[in-house]
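Hi,

Here is the structure I promised to pass on. Have a look at it first, and then read on for what I found.

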Amino acid sequence: MAEEVLKPYLVTDPQEMSERLDALRAQGKKIGLVPTMGALHLGHLSLALAAKNECDVVVVSDFVNPTQFAPNEDFDKYPRALDADLSLLAKIETDFVFAPPASKMYPSGFDASVHVGGVSKILEGAFRPTHFDGVCLVVLKLFNITRADIAYFGQKDYQQVAVVKKMVADLNVPTKIAMRPIIRERDGLAMSSRNSYMTDDERKQALVLSRALDAAEELIKAGERESSVVYDKMREIIATAPDAKIDYIRIADPDSLLEMDRIAGNVVILEAVRIGATRLIDNKLIERKS
Ligand code: AMP
């Protein structure tokens, strides 16, 4: 007989989600939230597992948020896989999946916005000017609906974590923000729901992202301090992929994300590269003593 796995409790109504969590909070339960857009992979599951380790109740939100996509972006083709997501989350005994229809998050007449300046304007913000407003809007709504104690985010979207931390600080939001490491495929490609867009050939070419970051780390750990030298090496590696086009590569301060021409102390290296029609991002934190 097939093993019976209890699926997470699926909630689609924000009010119901709040009420169920209020009842658990009243019992003293600590609530962990993992915001996702679904099409789950091990990167998402690692966040749900971290939440499970540290909290009593785990909510994974599964919502392809329309407000963080620009009209020319991939909202329509973004993968949706709620049934498969529920099965995966059942395996790690997630308590709740919150998967509202867009009409419940943004009912007719909805007219609010959340804008965080500074760190949201550079890098991804320069290429996707409305993206972080949409992210902040949905994340703040999810925080208010769940009133989670801790929300878990992946380092994969490093700048997103910086923007959400700034929003939480500026708006006195009580939810704590936890960042967890990037989960990669065996060959180094950072897991992403968007990886499924690529052809086999593009998938091979996409390895230049992680290879460029590895080479950069090697140079820096060997003592290189000129960012321009590291950029040259990264560009050389990325150029070996015929369909790769760099949106940006940036060696930056891990907190402000401002560019560092000379490397001193800890740095984060961030990159966005298009492989054919698929836009990929990746990053690496490099911790050094000087
Ligand atoms: P997404 O569904 O792409 O919006 O991602 C939801 C959350 O999962 C975000 O906090 C991401 O940073 C995180 N995430 C996505 N891919 C990975 C990965 N490969 N490793 C760790 N976290 C990830």
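Of the 290 residues in the protein chain, 53% count as buried. Keep in mind that this is a predicted model. The chain holds 10 helices and 9 strands. Its radius of gyration is 20 Å, close to the 19 Å that the globule rule gives for 290 residues, so the chain is as compact as a globular protein of that length. If you want a feel for the dimensions, the C-alpha trace spans about 55 × 50 × 40 Å along its principal axes.

A few more overall numbers. Taking contacts between residues at least 6 apart in sequence, 73% join residues at least 24 apart. The exposed area of the chain is about 14,200 Å², with carbon and sulfur atoms supplying 51% of it. As for charge, there are 37 positive and 43 negative ones, and their mean positions lie 2 Å apart.

Now to helix H3, which I went through in some detail. This helix covers residues 82–91, and its buried residues are Asp85, Leu86, Leu89 and Ala90. Seen down the axis of H3, the buried residues fall within an arc of 140°, so they line one face of the helix. On the other side of H3 you'll find Asp83 and Lys91, both exposed. What packs over the buried residues? The cover includes two strands that come before H3 in the numbering, E1 (9–11) and E3 (57–62), along with helix H2 (42–54) and strand E4 (96–98). After H3 comes Glu93, which has a positive phi, near 55°.

Two single residues also caught my eye, each sitting in a helix.

Gln205 belongs to helix H8 (residues 200–205). Is this residue buried or exposed? Its relative accessibility is 7%, and the cut-off for buried is under 20%, so Gln205 counts as buried. Leaving aside neighbours within four places in sequence, Gln205 is in contact with Ala241, Pro242, Asp243, Ala244 and Ile275.

Ala26 is in helix H1 (residues 14–26). With a relative accessible area of 70%, Ala26 is exposed; exposed here means over 50%. The C-alpha atom of Ala26 is separated by 39 Å from that of Leu285, and these two residues are 259 apart along the chain.

That's what I have so far.

Cheers

Technical notes
Residues are numbered from 1 along each chain as its sequence is written. This is a predicted model: local features need pLDDT of at least 70, side-chain atom pairs count only at pLDDT 80 or more; totals for chains, interfaces and linings use all residues. Side-chain values use heavy atoms; hydrogens and water are left out. Helices (H or I, at least four residues) and strands (E, at least two) are DSSP runs, numbered from the N terminus. The radius of gyration is taken over C-alpha atoms; the globule rule is 2.2 Å times the number of residues to the power 0.38. Buried means under 20% relative accessible area, exposed over 50%, partly exposed in between (1.4 Å probe, protein chains only). Contact means heavy atoms within 4.5 Å. Accessible areas come from the Shrake-Rupley method with a 1.4 Å probe; for residues, only the protein chains shown count as cover. Lys and Arg count as positive and Asp and Glu as negative; His and the chain ends are not counted. The place of a charge is taken as NZ of Lys, CZ of Arg, CG of Asp or CD of Glu. The arc is that of the directions from the helix axis to the C-beta atoms.
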